[in-house]
Amino acid sequence: MATGNILAEGNTDKLKLISVTLSPALIVLNTTAEQTFTVPGLAVGDWVFVNKPTAQAGLGIVGCRVTAANTLGITFSNNTGSSITPTASQVYLVLAMRPDATLSAF
């Protein structure tokens, strides 16, 4: 079993499920690249999870974060020898969780 330290504990202040239509730009071959998108209501410090509605061979989402107020950063990975453009005008689901005041670990 894995062990670890509790860094902090707290509650969730807000939990939102947001649908947003995105048209990401081309991802060049064998690389990862972060792209940013406007998503109203996001705040720095929110934890986000992103779901792309369809699969595309060789394309993955390897990270996501709030880069600034109302701005979502999604890191795409292209694991192929050709450039890939993610499908345009798809409705992505973004789950945003905002922590409440954090308590000290005990």
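**Exposure, pairing and a nonpolar patch**

Leucine 95 sits in strand S6. The model is predicted.

Q: Why is leucine 95 called partly exposed?
A: Its relative accessibility is 32%. Buried means under 20% and exposed means over 50%, with partly exposed in between. Leucine 95 therefore counts as partly exposed.

Q: What makes the nonpolar surface patch, and which residues belong to it?
A: Leu15, Leu17, Trp47, Phe49, Leu93 and Leu95 make the patch, about 630 Å² in area. Strand S1 (9-22), strand S3 (47-51) and strand S6 (90-103) each give two or more residues to the patch. Patch members need over 30% relative accessible area. Leucine 95 has 32%.

Q: Why is alanine 55 called exposed or buried?
A: The relative accessible area of alanine 55 is 76%. The cut-off for exposed is over 50%, so alanine 55 is exposed. Alanine 55 lies in the loop between S3 and S4. From alanine 55 to threonine 87 the C-alpha distance is 9.4 Å, with their positions 32 residues apart in sequence.

Q: How do you know that S2 and S5 pair?
A: Pairing takes at least two bridges. S2 and strand S5 (residues 71-78) are joined by 8 bridges and run antiparallel. One such contact links threonine 36 to its bridge partner in S5, glycine 73.

Q: Why do strand S2 and strand S4 stand at the edges?
A: The open sheet has 3 strands in the order S2-S5-S4, paired antiparallel. Strand S2 (31-38) and strand S4 (59-68) each have a single partner strand, so one side of each has no neighbour in the sheet. From one strand to the next, the twist averages 25 degrees.

Methods:
Residues are numbered from 1 along each chain as its sequence is written. This is a predicted model: local features need pLDDT of at least 70, side-chain atom pairs count only at pLDDT 80 or more; totals for chains, interfaces and linings use all residues. Side-chain values use heavy atoms; hydrogens and water are left out. Patches are made of residues with over 30% relative accessible area and no salt bridge: like charges are joined within 9 Å, nonpolar side chains (Val, Leu, Ile, Met, Phe, Trp, Tyr) within 5 Å. Accessible areas come from the Shrake-Rupley method with a 1.4 Å probe; for residues, only the protein chains shown count as cover. A salt bridge is a side-chain nitrogen of Lys or Arg within 4 Å of a carboxyl oxygen of Asp or Glu. Helices (H or I, at least four residues) and strands (E, at least two) are DSSP runs, numbered from the N terminus. Buried means under 20% relative accessible area, exposed over 50%, partly exposed in between (1.4 Å probe, protein chains only). Axes are lines fitted to C-alpha atoms, for helices over the stretch in contact, and angles run from 0 to 180 degrees between N-to-C directions.
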